[in-house]
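Work through the exercises below with the structure open beside you. Try each task before you read its solution.

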Amino acid sequence: MINVEKHDDVAVVRLEHGKVNALDLELLRAISETMRSVAAADAVVLTGAGNAFSAGVDLRRIADGGVAYAEEFLPALSEAFLAIFDCPRPVVAAVNGHALAGGCVIAAASDLRLMSGGTIGLTELLVGVQFPTVPLEISRYAFGAVAGRLALTAETFGVDEAFRLGLVDEVVTPDELLPRALARATALGRIPSRVYAATKEQLHRPARQRIDERRVVDDRAATAVWTADETLAGITAFLDHLRAGRR
């Protein structure tokens, strides 16, 4: 599900879960646990196996699991994002392919984003689900004014447009992606750890305050949307439409 390799003092965390690293309850829990386990590394590189960084939430599991699964899934989703966002060490996302919806938020929760292919964007509204507080505030922090466009239009962008909009910091070739991410992570890892962690906390503080203030109320509303019969039926219809389009 997740493979961790050490490159000198940098931990490379690679998602290896199915064809597109779709986020289900098990992967989310593994992300949270893995981020805790690499806390002693000088820096962390997050990447994906195959042609996708992460295509976002496993919607089939949501549709099949119904209300009980969604109620367990949503808190785990936020905790996995926060495990990355709150990591005191430098975190570099090596976006090797599509980073959609929750996959885009994983990239946003990282300190630097390098991208070599695929598309990136927040596509939640296409399936009629509401953002919980954590992913929306992380996206607002990472993407600034562009976050509104991403969230409300559900547009996706290729590497060049993503770089122009500031969604990623560098565009590299697939062969260069991991070596360049390791080089950037190694350089950041040389910064004194207490100074880096303190600065990161200062930068994240406004987003964290909004999360703490709004999470209970807004997540209750988001959960009501995710677990509504019409939402689950809409997700099933969306998946059926995608499947029909592939025939």
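**Exercise 1. Which element gives the largest share of the lining of the second largest pocket?**

Solution.
- Start with the elements. In this predicted model, those that give two or more residues to the lining of the second largest pocket are α3 (102-109), α4 (133-143) and α8 (193-226).
- Pick the main contributor. The largest share, five residues, comes from α8.
- Go to the centre. The pocket is lined by 13 residues, and Asp-111, Tyr-141, Tyr-196, Lys-200 and Leu-203 lie nearest its centre.
- Sort the lining by class. Seven residues are nonpolar, three are polar and three are charged.
- Add the volume. The second largest pocket has about 190 Å³.

**Exercise 2. Describe the largest pocket by volume, lining and class of residue.**

Solution.
- Volume: about 630 Å³ for the largest pocket.
- Lining: 23 residues, with Ala-55, Val-57, Leu-59, Leu-239 and Leu-242 closest to the centre.
- Elements: α2 (59-85) and α9 (229-246) each supply at least two lining residues. The largest share comes from α9, with five residues.
- Class: the lining divides into 14 nonpolar, four polar and five charged residues.

**Exercise 3. How many cavities of 30 Å³ or more are there, and what lines them?**

Solution.
- Count first. There are two cavities of 30 Å³ or more.
- Take the largest cavity. Its volume is about 50 Å³.
- List its lining: Ile-2, Val-13, Leu-15, Ile-31, Thr-34, Met-35, Leu-46, Ile-84 and Ile-106.
- Assign elements. β2 (10-15) and α1 (25-37) each supply at least two of these residues. The most come from α1, which gives three.
- Class the lining. Eight residues are nonpolar, one is polar and none is charged.
- Move to the second largest cavity. It holds about 40 Å³ of space.
- List its lining: Val-57, Leu-77, Phe-81, Gly-102, Glu-124, Phe-131, Pro-132, Pro-135 and Trp-226.
- Class this lining too. It has seven nonpolar residues, one polar and one charged.

**Exercise 4. Why is Cys-87 not bonded to Cys-104?**

Solution.
- Recall the bond. A disulfide is a covalent bond between the sulfur atoms of two cysteines.
- Set the cut-off. The two sulfur atoms must lie within 2.5 Å.
- Check the distance. The closest cysteine sulfur to that of Cys-87 is in Cys-104, 19 Å away, so the gap is too far for a bond.
- Check from the other side. The cysteine sulfur nearest to Cys-104 is that of Cys-87, and Cys-104 is in no disulfide.
- Give the count: zero disulfides.

**Exercise 5. Are Cys-87 and Cys-104 buried or exposed?**

Solution.
- Set the cut-off. Buried means under 20% relative accessible area.
- Take Cys-87. Its relative accessibility is 3%, so Cys-87 counts as buried.
- Take Cys-104. Its value is 0%, so Cys-104 counts as buried.

**Exercise 6. Compare the radius of gyration of the protein chain with that of a compact globule.**

Solution.
- Get the expected value. For 247 residues, a compact globule would have a radius of gyration near 18 Å.
- Compare. The protein chain has 17 Å, which agrees.
- Add the dimensions. The C-alpha trace spans about 50 × 45 × 30 Å along its principal axes.
- Look at burial. Of the 247 residues, 52% count as buried.
- Look at contacts. Among those between residues at least 6 apart in sequence, 73% join residues at least 24 apart.
- Finish with secondary structure. The chain has nine helices and nine strands.

Key. Residues are numbered from 1 along each chain as its sequence is written. This is a predicted model: local features need pLDDT of at least 70, side-chain atom pairs count only at pLDDT 80 or more; totals for chains, interfaces and linings use all residues. Side-chain values use heavy atoms; hydrogens and water are left out. On a 1 Å grid over the protein atoms alone, a cavity is a set of points where a 1.4 Å probe fits but cannot get out, and a pocket is an open set with protein on both sides within 12 Å along at least five of seven lines; lining residues have an atom within 4 Å of a point. Grid points are joined across faces, edges and corners, and a volume is the space filled by probe spheres set on the points. Helices (H or I, at least four residues) and strands (E, at least two) are DSSP runs, numbered from the N terminus. Ala, Val, Leu, Ile, Met, Phe, Trp, Tyr, Cys and Pro count as nonpolar, Asp, Glu, Lys and Arg as charged, and the others, Gly among them, as polar. Buried means under 20% relative accessible area, exposed over 50%, partly exposed in between (1.4 Å probe, protein chains only). The radius of gyration is taken over C-alpha atoms; the globule rule is 2.2 Å times the number of residues to the power 0.38. Contact means heavy atoms within 4.5 Å.
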